[in-house]
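Student: Could you take me through one part of this model up close? I'd like a single connected answer rather than a list.

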Amino acid sequence: MHQRTTPPTGSASPTGRRRLARKALIAAASALGVATALMTPVRAGAAPAPAAPAAATPLAANGQLSVCGRQLCNASGQPVALNGMSTHGTQWYAQCVTGGSLDALAKDWRADVLRVSTYVQEDGYETDPAGFTARAQKFVDAAHARGMYAVIDWHMLDPGDPNANLSRAKTFFTAMAKKYKNHPGVLYEIANEPSGVSWSAVKSYAEKIIPVIRAEDSDAVVLVGTRAWSSFGVSEGANESEVVNNPVRASNIMYTFHFYAASHRDEYLKTLDRASDKLPVFVTEFGTQDYAGEGANDFTMSQRYLDLMKRKKISWTNWNYSDDHRSGAVFKTGTCDGSTWTGTGVLKEAGVWIRERIRQ
């Protein structure tokens, strides 16, 4: 694709305490919105206007997510579909993830979720594990502060076998799960785009990493990459049947699917449709361009995907929230050096299009 044992229950148990802490965090997020409305200044001599009820943020409205059947569901058990953006690699485009840009994403774009992409190689995590862990946490915290969910993306690309980074992944996800075990706003994406490796190898990796996360955070949804660049195997001549017939042995998980509309046509669209009939699916990455996030936008094919995902309540994050020179980056080159983030004037063609779809 793009380059680049049953736990105890009850309030006295660790799981129960985590749930209470998560509820407190949700209540605080909701109260923050009300407090902000109440603190709006009133002109001298004017009668105070009745305070409009603050709109609940996605996080406050939906709370702890879980997988129910084939759907992502909120704390009330109702199916939800999150729509939002993925960062580019934080080793290259951290300057595009600021208070101002995330304010725009949450308020102007009305996004539900930010995917925080920590590359493992390519001058990423392996060069400074502590530094990149802290950076990922900073961006996750910033998303939460604005009422958005965060997908913690372990962005492995090359080597394509996630087992090559198993030790690093255990270290990273232990740190992240320890920090966010009481927070309702995280999903863990444990392998971005496995490639050149069998599904059995990817499944084996998942069954080693998920217990690492569950040891700290028993409640959060885990997103499992599928083989052949998270295409359910299509990009290497297979299909979703290998996952359907041999699923990961874990609960509260979803499988990821990635597509780039100008390159990935009907075969991929039909695979997403079939797979989501049998498996819980989250599209953690897609673009309106070719598989490298470059070239002309195919909005017609992209809309076919979005229509399918809307109809089936499939969550998605678009690639990518940066000002990279490629057509798949939503901001015009140079935007991240400035301070203007809202509206369409700072956006490339793909940015204008995807912002409007998120706002819908």
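Student: Before you zoom in, how much area does the chain expose, and what share of it do carbon and sulfur atoms supply? After that, please look closely at how helix α10 packs with helix α11.

Tutor: Sure, and keep in mind that this is a predicted model. The chain exposes about 14,600 Å², and carbon and sulfur atoms supply 51% of that. Of its 360 residues, 55% are buried, and the chain has 11 helices and 10 strands.

Now for the helix pair. Helix α10 covers residues 299-311 and helix α11 covers residues 349-359; their axes lie 12 Å apart, at an angle of about 25 degrees. Angles under 35 degrees count as roughly parallel, so α10 is roughly parallel to α11. As for handedness, α10 passes α11 in a right-handed crossing.

Who does the touching? On the α10 side, the contact is made by Phe 299, Ser 302, Gln 303 and Leu 306. Across from them, α11 brings in Glu 349, Ala 350, Trp 353 and Arg 357. Sort the residues of this contact by class and you get four nonpolar, two polar and two charged.

One more spot while we're here: Asn 62, which sits in helix α2 (residues 58-62). Asn 62 has a relative accessible area of 17%, so it is buried, the cut-off being under 20%. Leaving aside residues up to four places away in sequence, Asn 62 touches Asn 74, Ala 75, Val 80 and Tyr 149.

How values were computed
Residues are numbered from 1 along each chain as its sequence is written. This is a predicted model: local features need pLDDT of at least 70, side-chain atom pairs count only at pLDDT 80 or more; totals for chains, interfaces and linings use all residues. Side-chain values use heavy atoms; hydrogens and water are left out. Axes are lines fitted to C-alpha atoms, for helices over the stretch in contact, and angles run from 0 to 180 degrees between N-to-C directions. Helices (H or I, at least four residues) and strands (E, at least two) are DSSP runs, numbered from the N terminus. Angles under 35 degrees count as roughly parallel, over 145 as roughly antiparallel, 65 to 115 as roughly perpendicular and the rest as oblique. A crossing is left-handed if the near helix is turned anticlockwise from the far one by less than a right angle, and right-handed if clockwise. Contact means heavy atoms within 4.5 Å. Ala, Val, Leu, Ile, Met, Phe, Trp, Tyr, Cys and Pro count as nonpolar, Asp, Glu, Lys and Arg as charged, and the others, Gly among them, as polar. Buried means under 20% relative accessible area, exposed over 50%, partly exposed in between (1.4 Å probe, protein chains only). Accessible areas come from the Shrake-Rupley method with a 1.4 Å probe; for residues, only the protein chains shown count as cover.
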